[in-house]
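Hi,

Here's the structure I promised to pass on. Have a look at it first, then read my notes underneath.

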Amino acid sequence: MMNSPLRIWHPFTNSLLDPAPLQVERAEGVYLYTKDGRQILDAISSWWVNLHGHANPRIAAAIAAQAKKLEHVILAGFTHDGAEELAARLRKWVAPELTHLFFSDDGSTAVEVALKIAVQHFSNQGRAEKHEIVALEHGYHGDTAGAMSVSGDSPFTEPFRGMRYPVHRVHSAYCYRCPVGLRRETCHIECVQQLESLLAERGDKIAAVIVEPLLQGAGGMITHPVEFLRMVRALCTQHEVLLIADEVLTGFGRTGKMVACDLAGVVPDLMCLSKGITGGFLAMGVTLCSDRVEAAFRSEDRMHTFYHGHSYTGNALACAAANASLQVFDDEPVFDRIATIARINAERLALLRGFHQVGETRQIGTIGAVELRAGDAGYLSAMRPKLYQFFLERGVLLRPLGNVVYVLPPYVISPEELHRVYDVIEEAIQTLL
Ligand SMILES: Cc1ncc(COP(=O)(O)O)c(C=O)c1O
């Protein structure tokens, strides 16, 4: 025992029920290569982070060069070229109203930062009572305590009921399972009325509404009508409540635009970005906010300072990766690749709709999802492990969210490779269900 190595405790993994992890030796483009000689097509961008392919040589070279110059420096009292360059590059891609950028470590911490900024924004103005948060059913914002509190109830949060702080949870526009029993073809987004009433009643106590704009990811790849997001925006403005757009998943082109809010023409007060920000190479989160939000922190009172920061905040290697990834957006036809993926998604999902085992298909840009009919719908659906293994045995990495199978590939996937992924999904539906 003394000499055996520590055993790695893998995330979202049951060490008794789940198969032993596969040992990946190297990766290139859309493929992972395992020690036992397998080649696996990564159709979920390794938990939604990879944009331009694994081991992208441009990003790899940028990190290597940066490591020889400056690996990291404390960001309080100091700054560095990479961080400044990233702030300048992001300027081009987000709404002009978003003027400030706060660095953190990952998606969860970007969310924590947004929530805390929202609450302190009001407390700094002598309105400490305006600290409550509203979130959507089926949402997912991360696994840290604050992010978990604003996420929807799920098997992920169940054991932590007691430690989640209280949040108002309102309907999501989950049209397939409409929370108010209507049909999208004839409805007027009545599901938003719950938020409307809540803000009318308690708007003076509420600091922020947090949403995953247009796509709730881990909750089941649930797409929302753009009108829903626009209505949420209008209600927040009306009641002087900040809108936090968690674009951790949707950012960096996944939905067809650089950020999902652009698809709806909505500008949030705070925006969280992570995952694809470094092209999938290194962990980094950022929270953007408007000048009006930050203005409440510009004060002669030191108690109005935002006392928050992580050790690796603004890490120089992560900044180098992010800058190189954004340079790829500038130099290469990334949005053409995105459009090709979106087109194939639409074609193949249309075919899948004809299968009786398919309840609904959903798509937003590069993300395609199939909700399978299941008596035990949800993350713990018995289908999940069977589907996962089936795909893996055919050399494709897909991690269904319970009875929802989704495709979320790196943008460098070829049309043939993407068709292959859909072929395997079709085969699974015909074989297993
Ligand atoms: C919308 C959203 N927000 C936040 C997070 C949390 O990000 P991280 O896992 O990097 O902490 C995720 C992760 O899946 C996410 O999808």
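A polar backbone atom of G107 is 2.9 Å from an oxygen atom of the ligand, which fits the cut-off for a polar contact (a pair of N or O atoms within 3.5 Å). Two side chains join in: a polar atom of D246 lies 2.6 Å from a ligand nitrogen, and one of K275 lies 3.0 Å from a ligand oxygen. On its own the ligand exposes 390 Å², and the protein buries 84% of that (areas by the Shrake-Rupley method with a 1.4 Å probe).

Keep in mind that this is a predicted model, where local features need pLDDT of at least 70, side-chain atom pairs count only at pLDDT 80 or more, and totals for chains, interfaces and linings use all residues. Residues are numbered from 1 along each chain as its sequence is written, and side-chain values use heavy atoms, with hydrogens and water left out.

Who else is around the ligand? Among the residues there are W48, Y140, H141 and E212 (near means a heavy atom within 4 Å). The shell divides into four nonpolar, four polar and four charged residues; Gly counts as polar here, while Trp and Tyr count as nonpolar and Asp, Glu, Lys and Arg as charged.

There's also a cavity to find. The largest cavity holds about 100 Å³ of space, a volume filled by probe spheres set on the grid points. Its lining has 14 residues, with C175, C178, R184, C187 and C191 nearest the centre. A cavity is a set of points on a 1 Å grid where a 1.4 Å probe fits but cannot get out, and lining residues have an atom within 4 Å of a point. That lining divides into 11 nonpolar, no polar and three charged residues.

Cheers

Terms used. Polar contact = N/O pair within 3.5 Å; in protein donor to acceptor, adjacent residues only side chain to side chain. 1 Å grid on protein atoms, 1.4 Å probe; cavity = no way out; pocket = protein on both sides within 12 Å on 5 of 7 lines; lining within 4 Å.
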